[in-house]
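Dear colleague,

Please find the structure below, handed over for your own examination. A summary of the findings follows it.

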Amino acid sequence: MIRRETFLKSVKLLAIFVAVFGLTMPIGVNASTLSELLARQEELRRQERENQAALDQKRQEASNLNQAIDGINGDIAYTNNRISNTQAQIDTASEVIASLKKKIGTSQKELDALNIKLNSAYSSLYELSQTSTMELILQSQSLEEIISQTQYIQAIQTDLQSSIEKQNQIKAGLEKDKSEADSQKKNLETLSSQLSSSRSSLSSQKSQKDYLLDITQGEQAKYEQLLARIRSEASEISSDIYAARLAAGGFIGGGGTGGYPWAGSCGQVDPWLYYTCQCTSYAAWKFKAIHGLPFRNTRPGSGSAYNWPNLAHDQGYKVSSSPKIGDAVSWDRPLFPGDQWGHVAIVEQVYSSNDVVISEYNWKKLSYSVRRINPNNYGAPRYIRP
């Protein structure tokens, strides 16, 4: 009984140990999880393209609205200038009118004085006209007195007539000037009102454009924030993908650069027209180091890893389905669902067609790594050699 109890206790302890140990060990991400990450990455890329296109459209709309607003501002400035000029004309006309009124007032006083004088003259002429010629002769002392009296009457008549004509001319001229000034003022006031209305209309239009521009800029900010979130999530997904790749198994080494000379200068174009720190750049460099022959990107824009067999044919290299040390191994796209570029590595050791050691770049993000893998687990491998 003691041995059985001891055995049962041992089994329980072992079970507990296994359970605890299993919980503390890292859980490898299987292919379906990696596929989901890649699918999500592709969806994020699609969303980024769509939102970037929408953002570009909003920026173009904002640019067009800015041009329209610039034109409106020019119209407003022109209208304001016209209004200022019109106001100056109105002020000048008002001064002229005020001067004319003053002049008319002075002339009116002169005319009133002339009227008094004329009335007196008219009275004198009337009284003289009541005296007949015979009476005038009889009342006069001499012929000279008669002539003098007659000339005096004629002079009064002539002077009165001249004064009346002058009075009428001055009055008519002043009235005409006053009428013209009043008409000019009314026209200028009408023009000023029209221009003020135009300025108000243009200002309202500018406010509307500014409002639309504010909305457009707000939409720009919305798309920019959305793009930032998408890119942030894409960056996290990218890191998760690299982690999932390593967790998928086969990783036996890393760190260092494997001798790759552009490890600290990522994103440049290498001598074979691949981007540095990518799997293609590393493989091209290692291929040259092993075989002394370049593996160039003969199809810029289509130099992705999945297309390496075609690049090999362009350069007269062989493509095989069986591995050999020193081969560049390429997998067709997609390496996983959602992958766009495929992957390429260098065969370092061959145990069998299902068991090889490869060196590579960017399986671990922008880094060198060595893995022992079954290449057939990633699709149909194609081995490239001179």
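The notes that follow cover the nonpolar cores, the strands, a surface patch and the salt bridges. Please bear in mind throughout that this is a predicted model.

**Nonpolar cores**

The largest nonpolar core has 24 residues, and the members that touch the most others are Tyr 274, Tyr 282, Phe 295, Trp 308, Ala 328, Val 344 and Ile 384. Five elements, namely α5, α6 (308-314), β4 (343-352), β5 (355-364) and β6 (367-373), each contribute at least two residues to this core. Helix α5 provides the largest share, with 6 residues. A separate core of 10 residues lies apart from it, and includes Val 329, Ala 345, Val 356 and Ile 373. As a general background, nonpolar side chains tend to be buried together in soluble globular proteins.

Tyr 274 merits a closer look. Beyond its neighbours within four places in sequence, Tyr 274 is in contact with several residues, including Phe 295 and Trp 308, both of which are also listed with Tyr 274 among the core members touching the most others. Further contacts of Tyr 274 include Gln 268, Val 269, Thr 280, Ser 281, Ala 284 and Leu 311.

**Strands β4, β5 and β6**

Strands β4 and β5 pair in the antiparallel sense over 5 bridges, and a hairpin of 2 residues joins them. Strands β5 and β6 are likewise antiparallel, with 7 bridges. Their hairpin also has 2 residues between the strands, and in it Leu 366 adopts a positive phi near 50°.

Individual positions show how β5 is placed between its two partners. Val 357 of β5 stands opposite Gln 349, and Val 357 also stands opposite Arg 372 in β6. Val 356 has Ile 373 in β6 as its bridge partner, and these two residues are both members of the core of 10 residues.

How much of β5 is buried? The count is 9 of its 10 residues, so β5 is largely enclosed by the rest of the structure. Strand β6 is mostly covered, with 5 of its 7 residues buried.

**A nonpolar surface patch**

Val 269, Leu 273 and Tyr 275 form a nonpolar patch on the surface, and together they have about 320 Å² of accessible area. Tyr 275 is located in the loop between β1 (251-254) and α5 (279-291). Its relative accessibility is 52%, and Tyr 275 therefore counts as exposed, the cut-off being over 50%. Val 269, another member of the patch, is one of the residues in contact with Tyr 274.

**Salt bridges**

The structure holds 8 salt bridges; three of them are described here. In general terms, side chains of opposite charge can pair when their charged atoms come close.

Asp 56, Arg 59 and Glu 224 are linked in a network of salt bridges. Within this network, Asp 56 and Arg 59 form a salt bridge whose closest N and O atoms are 4.0 Å apart. Both residues belong to helix α2 (residues 31-129), where they are 3 residues apart, about one turn of the helix. Arg 59 also meets Glu 224 in a salt bridge, at 3.3 Å from N to O. This second pair links distant parts of the chain, with Glu 224 in helix α4 (residues 143-247) and Arg 59 in helix α2, 165 residues apart. The three residues are partly exposed: Asp 56 has a relative accessible area of 39%, Arg 59 is at 38%, and Glu 224 is at 35%.

The remaining pair to report is Asp 327 with Arg 385, whose side chains meet in a salt bridge at 2.5 Å, N to O. Here too, distant parts of the chain are linked: Asp 327 is in the loop between β2 (318-320) and β3 (328-331), while Arg 385 is in strand β7 (residues 381-385), 58 residues apart. Are these two residues buried or exposed? Asp 327 is buried, at a relative accessible area of 1%. Arg 385, at 16%, is also buried, because the cut-off for burial is under 20%.

With kind regards

How values were computed: Residues numbered from 1 in each chain as written. Predicted model: local features only at pLDDT ≥ 70, side-chain atom pairs only at ≥ 80, totals over all residues. Heavy atoms only, no water. Patch = residues over 30% accessible without salt bridge, like charges linked within 9 Å, V, L, I, M, F, W, Y side chains within 5 Å. Areas by Shrake-Rupley, 256 points an atom, 1.4 Å probe, with all protein chains shown as cover. Helix = DSSP H or I, 4+ residues; strand = E, 2+ residues; numbered from the N terminus. Buried < 20%, exposed > 50% of the residue type's maximum accessible area, 1.4 Å probe, protein only. Core = buried A, V, L, I, M, F, W, Y, C linked by side-chain atoms within 4.5 Å. Contact = heavy atoms within 4.5 Å. Pairing = 2+ DSSP bridges.
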